Amino acid sequence: MWVSALLLALLFQDRDIIRSNATVRSIPVLASLLRSEQSVNRYFAAQALASLVSGGSRGTLLSVANSGAASGLISLLGCADNNMADLLELAEEFSLVPNPQQVALERLFRVDEIRIGTTSRKAIPALVDLLKPIPDRPGAPFLALGLLAQLAVDCPSNKLVMVDSGALEALNKYLSLGPQDTTEEAATDLLGILFSTAEVRHHESAHSSVNQLIAVLRLGGRNSRYSAAKALESLFSSDHIRHGESARQAIQPLVEILSTGSAREQHAAIAALVRLLHDNPSRAFNIVDVELSAVDVLLRILSSNSSLELKGDAAELCAVLFGNTRIRSTTVAARCVDPMVSLLVGEFSSAQHSAVRALDKLLDEDQLAEVIAAHGAVVPLVDLLSGKNYSLHEAVASALVKLGRNRPDCKLELVKCGVIEKILDILHKAPDSLSVAFAELLRILTNNASIVKGPSAAKVVEPLFLLLTRPEFSADGQHSTLKVLVNILEQSQCRANYNLTPQQAIEPVIALLDSPSQAVKQSAAELLSILLLEEHLQKDPVTEQAIVPLIEFLGSGICILQQKAIKALVKIVVIWSNTIAKQGGVHEISKVILQSDTPLPHAIWESAASILSIILQYSSEYFLEVPVAVLVQLLHSGTETTVIGALNALLVLESDDSTSAEAMAESGAVEALLELVRSHQCEEAAARLLESLLNNVKIRETKAAKSAISPLSMYLLDPQTQSQQGKLLAALALGDLFQNEGLARTTDAVSACRALINLLEDQPTEEMKVVALCALQNLVTYSRSNKRAVAEAGGVQVVLELINSSNPDTSAQAAMFVKLLFSTQTIQEYASSETVTTITAAIEKDLLASGSVNEEYLKALNALLSNFPRLRATEPVTLSIPLLVKCLKTGSEVSQEAALDSLFLLRQACPQQDPQLRRLSARSRPPTSPLLPSVDDWSANFDAPRGVIITRRTTAVHNDKSSPGRRTTPQRGSGVNSCPDLRLCEEAHLSSNVTL
């Protein structure tokens with residue numbers, strides 16, 4: 001049989017024979033012969049198949065594969081040469097290949113249909129089994145490794161079959177035995193191929209492979225170490241491997257390879273370290289502790305004549321290592337700056353990219369940033385902004401951002417090098433990520449006032465507004481772009497250089513007010529507030545569209561958004577007051593003003609208050625929409641127009657709804673109004689509202705009412721108080737307060753007494769005099785200390801002067817005040833004959849002017865005579881008797897009773913004159929009319945207890961001139977208690993033409 005197989009092997013070397021139909025029929029026979037028990041038959045059957053597949057067509061190879069010949073060929077792999085010496089010699093004699101099984105399998109597995117088909121899947125377990133040591137087939141593992149590698153390349157399904165067949169375990173065990181270098185290299189190559197697939201990396205045996213590969217790094221041959229490094233690079237693509245404890249052990253051997261290996265090994269070691277450390281720079285702490293520092297090695301590579309590709313790899317690893325602060329702060333890292341900058345001017349873009357990333361990490365250290373700038377990195381970095389290498393451009397932009405931050409000189413140098421123009425050349429075609437980086441770079445540059453005012457910055461405004469309209473533009477890019485525009489347009493001279501239409505500027509910004517990003521919303525509102533400084537943009541109907549989102553900002557509860565919205569709304573409130581109010585602006589602004597958890601900065605608060613004030617001035621229909629508490633808060637504004645608006649609204653509310661006064665007081669209106677009055681800000685309106693509030697009985701019972709006494713008093717005493725109306729209202733407010741007995745008894749009431757007396761001395765109007773006198777009356781009614789304070793402040797003299805006023809109301813109120821002031825003996829030392837003289841003069845003046853007397857004069861005189869008996873015998877009292885008698889003949893019942901009271905007191909003081917008074921009384925009674933009370937009646941009535949009121953009604957009668965009566969000379973007493981001269985009474989009666 002073997003001879004026939006040998007003959008077929010020789011015949012199949014001819015392609016014409018292979019194409020014959022008989023050839024196809026021989027394939028099953030040869031496949032069957034591979035299963036023969038005789039090795040010579042199997043060997044030459046393999047020779048025949050090797051010749052057939054070497055020269056056969058694709059269809060022939062598929063026929064061989066479908067025949068199941070692969071399993072028979074695998075069984076021949078790796079047989080010992082000493083067992084087949086004769087067969088090998090015979091094969092050599094006929095010029096046949098010595099290893100036909102290997103040749104046939106390799107040729108079969110080159111066909112994609114076979115490599116990914118069922119033939120391969122059936123062959124893989126058999127090949128994996130060959131990885132186990134077999135004594136009589138020592139060469140089988142190496143051959144199996146080669147075939148498995150051939151099947152695994154670019155075929156994930158085969159890789160999974162291998163793993164399921166135990167390939168990883170077999171390879172790990174095989175490597176642990178320390179195989180020969182070639183076999184070790186093949187095994188590590190196969191692991192590298194397998195671990196390029198994520199599913200394989202997640203297999204449970206993958207962790208064991210890490211340890212075996214690390215052992216190869218330490219002890220393996222040169223080629224094996226290279227393959228192991230490549231395999232580890234693939235493994236480190238998986239997080240669970242990279243973050244495992246075993247991966248940490250790979251750092252030192254990789255660094256050793258980096259230090260001592262060939263260029264190829266260095267490439268592999270760098271790639272593995274980059275993959276291991278790129279997202280976990282803390283692992284780089286281990287590197288600085290190794291005997292030979294990796295950074296030193298990298299510096300040597302960067303400074304050597306190595307290829308640009310290797311230098312680029314070294315720079316890439318530097319970029320990873322420099323992410324660690326400890327490594328970045330070493331002196332060797334600083335020494336890397338110069339060769340890194342040199343790489344920037346090369347022509348190998350990959351190396352340039354790596355150098356830029358490494359410098360970008362170094363720029364995180366301020367000291368190194370200065371070093372990089374000093375080495376002239378600005379110009380080469382800017383020069384890299386050309387072409388279409390967008391990833392490089394993005395890295396350059398990141399580095400330039402750090403280089404320019406807080407370094408004005410670098411910023412100016414960047415602009416001088418034309419960085420803005422280069423950005424604009426790329427921007428219109430740049431992808432989103434690069435546009436974001438460029439926007440951030442422009443933001444850093446435009447933080448400089450000189451750059452903003454320069455010609456280069458002027459070129460970016462329109463392109464950036466256009467950039468904002470990109471639908472795919474990210475939130476970070478939008479935020480940076482908006483900040484650039486804010487930096488430029490917040491300069492008034494810069495805004496003047498542009499004539500932006502609302503469609504160009506306002507519309508894109510309004511669209512961003514609905515962004516899901518809070519930072520974008522904030523910047524959009526800020527830019528909008530700047531744009532709305534331009535009058536033509538304020539008035540444009542497009543601007544009205546911004547009102548709704550801005551009001552939504554107010555209701556967001558986010559303080560910074562609320563502030564930006566207020567800044568924008570305050571610019572347009574004059575034009576769009578009604579729209580803002582109708583969209584709920586009044587309610588939302590009121591809520592913002594009242595919020596206590598995050599109070600607004602003062603300037604923003606003032607803007608919010610101004611918005612409300614302008615809306616309230618626009619229409620009174622919004623008065624009721626503003627809570628009383630908010631209106632009270634507006635009283636604290638430092639802007640007069642705002643305070644006026646709030647005062648007007650509060651005054652209207654108080655007049656329309658009296659119950660609102662209590663709400664105002666609860667919100668602190670009294671305190672706020674007092675502060676306005678005291679500071680002379682809108683003092684008249686404030687005093688008017690304050691007086692209205694204090695006129696409320698319930699408010700007078702609050703603590704705020706008590707605290708109002710002293711400020712109002714100080715206001716009246718303040719030399720800077722010039723407003724007459726303010727003084728009047730303050731006095732009226734004090735009068736309201738002192739209707740409350742408790743307030744009139746407070747210690748602060750004493751200062752109020754002095755203030756009111758001071759007001760009366762300061763040439764007030766008649767109305768002010770009356771108001772002040774009424775307030776003083778309330779004060780002295782309830783408190784003796786207040787009487788003392790009034791007297792000590794010179795109040796007695798002042799009020800006496802007022803009794804002589806030409807204004808009857810003033811004079812009457814002054815007389816009433818005298819009555820109350822001297823109703824007790826608290827200030828008896830101030831009760832003098834001068835007081836009586838003044839009152840008597842007022843009585844006489846009234847009699848001469850109108851024939852009647854105001855009852856208050858008579859009550860005041862009666863109070864003096866009643867409480868101070870020593871005055872009854874004074875000359876002014878004596879002179880008042882004729883006037884009192886005349887008062888009996890005219891005036892009201894109350895006046896007559898008051899006059900009779902006084903005369904009765906005089907009678908008690910001089911009883912010896914009683915007959916004369918009786919005659920005088922009789923002469924005063926006409927016989928034809930109802931009589932006035934006789935002296936007897938008069939005496940009887942006033943002998944009753946004090947306080948009983950005489951209610952006898954009298955009617956007017958004609959004076960009887962025919963009965964003049966007799967004159968009698970009264971007997972005078974001696975000393976200070978002498979009686980009044982009753983002759984004056986008789987004379988007054990005889991000469992009087994006044995009728996009763």
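The legends below describe close-up views of a predicted model.

Residues are numbered from 1 along each chain as its sequence is written, and side-chain values use heavy atoms, with hydrogens and water left out. In this predicted model, local features need pLDDT of at least 70 and side-chain atom pairs count only at pLDDT 80 or more, while totals for chains, interfaces and linings use all residues.

**View 1. The whole protein has 68 helices and zero strands.**
Helices (H or I, at least four residues) and strands (E, at least two) are DSSP runs, numbered from the N terminus. The protein has 996 residues, and 54% of them count as buried; buried means under 20% relative accessible area, exposed over 50%, and partly exposed in between (1.4 Å probe, protein chains only). Among contacts with a separation of 6 or more, 73% come from residues 24 or more positions apart, where contact means heavy atoms within 4.5 Å.

**View 2. Residues 1-20 carry the UniProt feature "signal peptide".**
The annotation comes from an unreviewed UniProt entry. UniProt positions are given in the numbering used here, feature names are shortened, and annotations may be inferred rather than shown by experiment. In the model, the span is 70% helix and 0% strand. The C-alpha atoms at its two ends lie 21 Å apart.

**View 3. Helix α16 crosses helix α20.**
Two packed helices are described by the angle between their axes and the distance between the axes. For α16 (residues 206-219) and α20 (residues 251-260), the axes come within 9 Å and cross at roughly 35°. Axes are lines fitted to C-alpha atoms, for helices over the stretch in contact, and angles run from 0 to 180 degrees between N-to-C directions. The crossing is left-handed, a term for a near helix turned anticlockwise from the far one by less than a right angle. Ile 214, Leu 217 and Arg 218 of α16 make the contact with Pro 253, Leu 254 and Ile 257 of α20. These residues divide into five nonpolar, no polar and one charged. Ala, Val, Leu, Ile, Met, Phe, Trp, Tyr, Cys and Pro count as nonpolar, Asp, Glu, Lys and Arg as charged, and the others, Gly among them, as polar.

**View 4. Helix α43 is mostly covered.**
This helix spans residues 547-554, and six of its eight residues are buried. The buried residues are Ile 547, Pro 549, Leu 550, Ile 551, Phe 553 and Leu 554. They pack against α40 (518-531), α42 (541-544), α44 (559-572), α45 (577-582) and α46 (585-594).

**View 5. Ala 646 is buried in helix α49.**
The helix covers residues 640-656. Ala 646 counts as buried because its relative accessibility is 0%. Apart from neighbours within four places in sequence, Ala 646 is in contact with Leu 631, Leu 634 and Leu 635. Its C-alpha atom is separated by 8.1 Å from that of Leu 616, 30 residues apart along the chain.

**View 6. Lys 769 lies in helix α58, and Gln 763 in the loop between α57 and α58.**
Helix α58 comprises residues 766-782. Lys 769 has a relative accessible area of 14% and is therefore buried. Its side chain is joined to that of Glu 766 by a polar contact of 3.1 Å. A polar contact is a pair of N or O atoms within 3.5 Å; within protein, one must be able to donate a hydrogen and the other to accept it, and residues adjacent in sequence count only if both atoms are side-chain atoms. With neighbours within four places in sequence left aside, Lys 769 is in contact with Leu 760, Pro 764, Leu 802 and Thr 810. Helix α57 is formed by residues 748-761. Gln 763 has 74% relative accessibility, so it counts as exposed. Phi of Gln 763 is near 50°, a positive value in a residue other than glycine.

**View 7. His 680 is in the loop between α51 and α52.**
The flanking helices are α51 (669-678) and α52 (683-694). Most residues other than glycine have a negative phi. Phi of His 680 is positive, near 60°.

**View 8. Gly 139 is in the loop between α10 and α11.**
The loop joins α10 (118-129) and α11 (140-152). Gly 139 is partly exposed, with a relative accessible area of 29%. The C-alpha atoms of Gly 139 and Cys 79 are separated by 6.7 Å, and the two residues are 60 residues apart along the chain.
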